[in-house]
Amino acid sequence: MRTHTVPGIRSSKVREGRDPLVMVTAYDAPGARQAHAAGVDLILVGDSLAMVVLGYDDTLQVTVDDIAHHTAAVHRGLRASTADGPSPPLVVGDLPWMSYHTGRHDAVRHAAALVRAGAQAVKLEGGRKRLPVIEAIVDAEVPVMGHLGLTPQSVHAMGGFKVQGRQHDAALVLRDDAKALEAAGCFAIVLEGVPDEVAKLVTDAVDVPTIGIGAGRATDGQVLVYHDVLGIEDRMAPKFVRRYADVGGVSVEALAAFADDVRSGRFPNDDESYHLSAEVSESLSLYGSPSVD
Ligand code: KIV
């Protein structure tokens, strides 16, 4: 069984015979408990929080305080988790936009805020230009997960959420960025929105695991967003999303059934109500209260 520690994750290369890593996002205590019970290896408290929980159109709106708030909820959920078997997933807190772009000092301070909230590692986006902040955070003993390819915090610079690395030179830039991130101390690298051949090129080039999203099958693991896996997010899903349930549909049905029961008087029933003893009920009826038992 794999240990869900940074060294355990770091040594998870598929080419060395390890099972692919499974990472899922989670943003609250119940989600974290479900991910643990399902046996996932890593939980990412992603800045996708902005879109799937807080209703924004991109990830640029969340702050360190938002991610810390939700990381703390995930941490509490895992502490209370009763799942038998696998050790709890490793919790990775996503450093949001502008929390590490302004220099090493801010980056380390914000990474520390996520660790104090319960993260065991942080993730940040970008290639070689992020090396100084990656090195500073690693130097402060906080493990860093890199993120290359389609980096949603660069949505405006990329001109939208577009697959990256399609051209020869761009693919080589991604490979060299990954090697640089590894050399700077990243223990794993998310590869998002790249052709599967490019994911393979990058994965073969580094000794740390790559975790793909929209990056095909050649990576050392896969990550999906909780709301996408469960079918809670009803906005248009990208083609790499596989929905494993229709929790959104089931939720609407359940809420509609509740509304119907309330309006028709079927909820609550007698068993779902509290009752007085016959004696107290009788005494109150002396004052004109209706006797309900
Ligand atoms: O925030 C997020 O959910 C992510 C994943 C898509 C990797 O960064």
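Biologist: Welcome to our predicted model! What makes the link between the side chain of Lys123 and the ligand a polar contact?

Modeller: An N or O atom in the side chain of Lys123 is 3.1 Å from an oxygen atom of the ligand. A polar contact is a pair of N or O atoms within 3.5 Å; within protein, one must be able to donate a hydrogen and the other to accept it, and residues adjacent in sequence count only if both atoms are side-chain atoms. The Lys123 pair is within the limit, so the name fits.

Biologist: Which ligand atoms do Asp47 and Asp94 approach?

Modeller: Oxygen atoms, in both cases. For Asp47, a side-chain N or O atom is 3.0 Å from a ligand oxygen, and for Asp94, a polar side-chain atom lies 3.3 Å from a ligand oxygen. On its own the ligand exposes 260 Å², and the protein buries 95% of that (areas come from the Shrake-Rupley method with a 1.4 Å probe; for residues, only the protein chains shown count as cover).

Biologist: Before we go on, what are the ground rules?

Modeller: Residues are numbered from 1 along each chain as its sequence is written, and side-chain values use heavy atoms, leaving out hydrogens and water. Since the model is predicted, local features need pLDDT of at least 70 and side-chain atom pairs count only at pLDDT 80 or more, while totals for chains, interfaces and linings use all residues.

Biologist: Which residues surround the ligand, and what puts a residue on that list?

Modeller: A residue belongs there if one of its heavy atoms lies within 4 Å of the ligand. The list is Thr25, Leu44, Gly46, Asp47, Ser48, Asp94, Lys123, His147, Val190, Glu192, Ile213 and Val225. By class, this shell has four nonpolar, four polar and four charged residues (Ala, Val, Leu, Ile, Met, Phe, Trp, Tyr, Cys and Pro count as nonpolar, Asp, Glu, Lys and Arg as charged, and the others, Gly among them, as polar).

Biologist: Back to Lys123: buried or exposed, and how do you know?

Modeller: Buried means under 20% relative accessible area, exposed over 50%, and partly exposed in between (1.4 Å probe, protein chains only). Lys123 has 2% relative accessibility, so it counts as buried. This residue is in strand 4, residues 121-123 (helices, H or I with at least four residues, and strands, E with at least two, are DSSP runs numbered from the N terminus). Its side chain also makes a polar contact with the side chain of Asp94, at 3.0 Å.

Biologist: And what does Lys123 touch?

Modeller: Touching, or contact, means heavy atoms within 4.5 Å. Not counting residues up to four places away in sequence, the partners of Lys123 include Leu44, Asp94, His147 and Val190.

Biologist: What about Leu124: why does it get its burial label?

Modeller: Leu124 has a relative accessible area of 0%, so it is buried. Leu124 lies in the loop between strand 4 and helix 6 (131-139). Leu124 is also among the residues with the most contacts inside the largest nonpolar core, which has 53 residues.

Biologist: What makes something a nonpolar core?

Modeller: It is a set of buried Ala, Val, Leu, Ile, Met, Phe, Trp, Tyr and Cys residues joined through side-chain atoms within 4.5 Å. The largest one has Leu114 among its best-connected members. Another core lies apart from it, with 18 residues, among them Leu21 and Val223.

Biologist: Why is Val115 given a different label from Leu124?

Modeller: Val115 has a relative accessible area of 34%, which means it is partly exposed, whereas Leu124 is buried at 0%. Val115 is in helix 5 (residues 104-117).

Biologist: What stands out about phi at Met98 and Glu141?

Modeller: Most residues other than glycine have a negative phi, and most peptide bonds are trans. Phi of Met98 is near 75°, a positive value, and phi of Glu141 is also positive, at about 70°. Met98 is partly exposed at 41% relative accessibility, while Glu141 counts as exposed at 68%.

Biologist: What kind of peptide bond joins Phe267 and Pro268?

Modeller: A cis one, with omega about 0°. Pro268 is in the loop between helix 11 (247-264) and helix 12 (278-285).

Biologist: And how many helices and strands are there in the protein?

Modeller: Twelve helices and eight strands. Of the 293 residues, buried ones make up 46%.
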